[in-house]
Amino acid sequence: MRRDVFHALADPNRRAIIGLLANQKLSVKAVAEHFPISRPAISRHVRILAECGLVVVHQKGRQRICEARLDKLEEVSSWIEQQQKTWEGRLDRLDEYLNELKTKERK
Amino acid sequence: MIGETESTQRSAPSELLITRVFDAPRQLVWKAWTDPQHFMRWWGPKDYTSPFSEIDLRVGGRYLNCMRSPDGRDYWTTGTYQEIIPFEKIVYTDSFADEQGNAVSAAYYGMTPDFPLETLVTVTFEDQDGKTRMTLRHTDLPAGEMSEQTGAGWNESFDKLAESLP
């Protein structure tokens with residue numbers, strides 16, 4: 001099973017949890033109150049987010065407090081930036097090549 | 001003339017969407033994408049070359065392509081065709097590979113091992129005023145994890161995330 005930020009973000013509920021935690025720390029219980037799915041299901045999502053490094057969970061008394069680690073999201077943008085650069089470069093060359101082909105076909 | 005990219009946007013944080021209009025008929029653009037002899041002529045950014053391309057263009061068929069950097073480093077990629085509609089659409093998985101065509105992690109090429117092992121590329125071709133409009137969608141989600149449900153709410157939840165960031 002993949003345990004990285006890409007895997008973490010593959011699920012809409014986990015994306016919503018990250019969105020919720022982006023500007024506030026919340027207990028697992030408080031997070032669960034925002035979702036129509038069961039608390040064990042939320043706990044499982046939080047655990048996956050923690051394993052992927054996007055959330056840190058602290059024990060505070062009887063509560064488990066979740067805190068988002070948004071710097072991990074940079075891995076995703078770095079992947080996109082790299083892909084974008086490569087594709088733009090290839091497509092520039094595709095454009096040049098198509099013009100070359102067209103000219104040849106006209107001859 | 002270099003074709004201008006009409007739009008490049010991040011429709012979702014792990015998805016790249018590029019639209020370009022090429023001043024060429026659709027059949028020609030399709031040929032450039034699917035015939036190895038043509039494909040090798042452009043598969044790589046400026047100053048790169050492509051010394052090898054093998055394309056088995058059928059659903060379930062594999063490809064193996066090589067892109068060579070100006071300093072002589074080879075980058076192999078492989079994958080499987082998921083969907084093919086002639087002259088309209090190609091969907092394929094994309095992974096880094098070794099030269100035998102075995103999928104490898106990005107770490108094999110000195111990139112972060114956190115990059116996804118397999119990603120999905122969807123290319124569509126449409127006529128537009130005698131030109132060809134090509135849309136390329138590259139998502140980090142492997143084919144197996146793609147579903148309607150995954151797509152729904154993606155933008156919405158990230159819009160929310162963007163708003164909530166300081």
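Two strands pair if DSSP finds at least two bridges between them. Helices (H or I, at least four residues) and strands (E, at least two) are DSSP runs, numbered from the N terminus.

This is a predicted model: local features need pLDDT of at least 70, side-chain atom pairs count only at pLDDT 80 or more, and totals for chains, interfaces and linings use all residues. Residues are numbered from 1 along each chain as its sequence is written, with chains lettered from A and ligands numbered from 1 in the order in which they are written.

**Exercise 1. Trace the pairing around β8 of chain B.**

Step 1. Take β8(B), residues 119–128. Strand β6(B), residues 89–97, joins it through 6 bridges and runs antiparallel to it. Find B:Ile90; opposite it stands B:Val123 in β8(B).

Step 2. Turn to β9(B), residues 131–139. It is joined to β8(B) by 9 bridges, again antiparallel. Here B:Thr122 faces B:Arg137 in β9(B).

Step 3. Look at the turn. The hairpin of β8(B) and β9(B) has 2 residues between the strands. B:Asp129 in that turn has a positive phi of about 50 degrees.

**Exercise 2. Describe the hairpin of β3 and β4 in chain B.**

Step 1. β3(B) covers residues 49–55 and β4(B) covers residues 62–68. They pair antiparallel over 5 bridges.

Step 2. Pick out one pair: B:Ile55 has B:Tyr63 of β4(B) as its bridge partner.

Step 3. Between the strands lie 6 residues. B:Gly60 takes a positive phi near 90 degrees.

**Exercise 3. Work out the strand order in the chain A sheet and say why β1 and β2 are edges.**

Step 1. The sheet is open, has 3 strands and follows the order β1-β3-β2, with antiparallel pairing.

Step 2. β1(A) (26–27) and β2(A) (55–60) each have a single partner strand, so one side of each is left without a neighbour in the sheet.

Step 3. Check one pairing. β1(A) and β3(A), residues 63–68, are joined by 2 bridges. A:Leu26 has A:Cys66 as its bridge partner in β3(A).

**Exercise 4. Place helices α2 and α4 of chain A.**

Axes are lines fitted to C-alpha atoms, for helices over the stretch in contact, and angles run from 0 to 180 degrees between N-to-C directions. Contact means that C-beta atoms, placed from the backbone, lie within 7 Å.

Step 1. α2(A), residues 12–21, lies across β1, β2 and β3 of chain A, at about 90 degrees to β3(A). α4(A), residues 39–51, packs on the sheet and touches β2 and β3 of chain A. Its direction makes about 115 degrees with that of β2(A).

Step 2. The axes of α2(A) and α4(A) come within 10 Å and cross at roughly 75 degrees. That makes α2(A) roughly perpendicular to α4(A) (angles under 35 degrees count as roughly parallel, over 145 as roughly antiparallel, 65 to 115 as roughly perpendicular and the rest as oblique).

Step 3. Among the contact residues are A:Ile17 and A:Ile18 in α2(A), and A:Val46 and A:Leu49 in α4(A).

**Exercise 5. Characterise the meeting of α5(A) and α1(B).**

Step 1. α5(A) covers residues 74–106 and α1(B) residues 26–34. Their axes come within 11 Å and cross at roughly 120 degrees. That makes α5(A) oblique to α1(B).

Step 2. Name the residues. From α5(A) come A:Leu94, A:Tyr97, A:Leu98, A:Leu101 and A:Lys102; from α1(B) come B:Leu28, B:Val29 and B:Ala32.

Note on methods: Contact = placed C-beta atoms within 7 Å.
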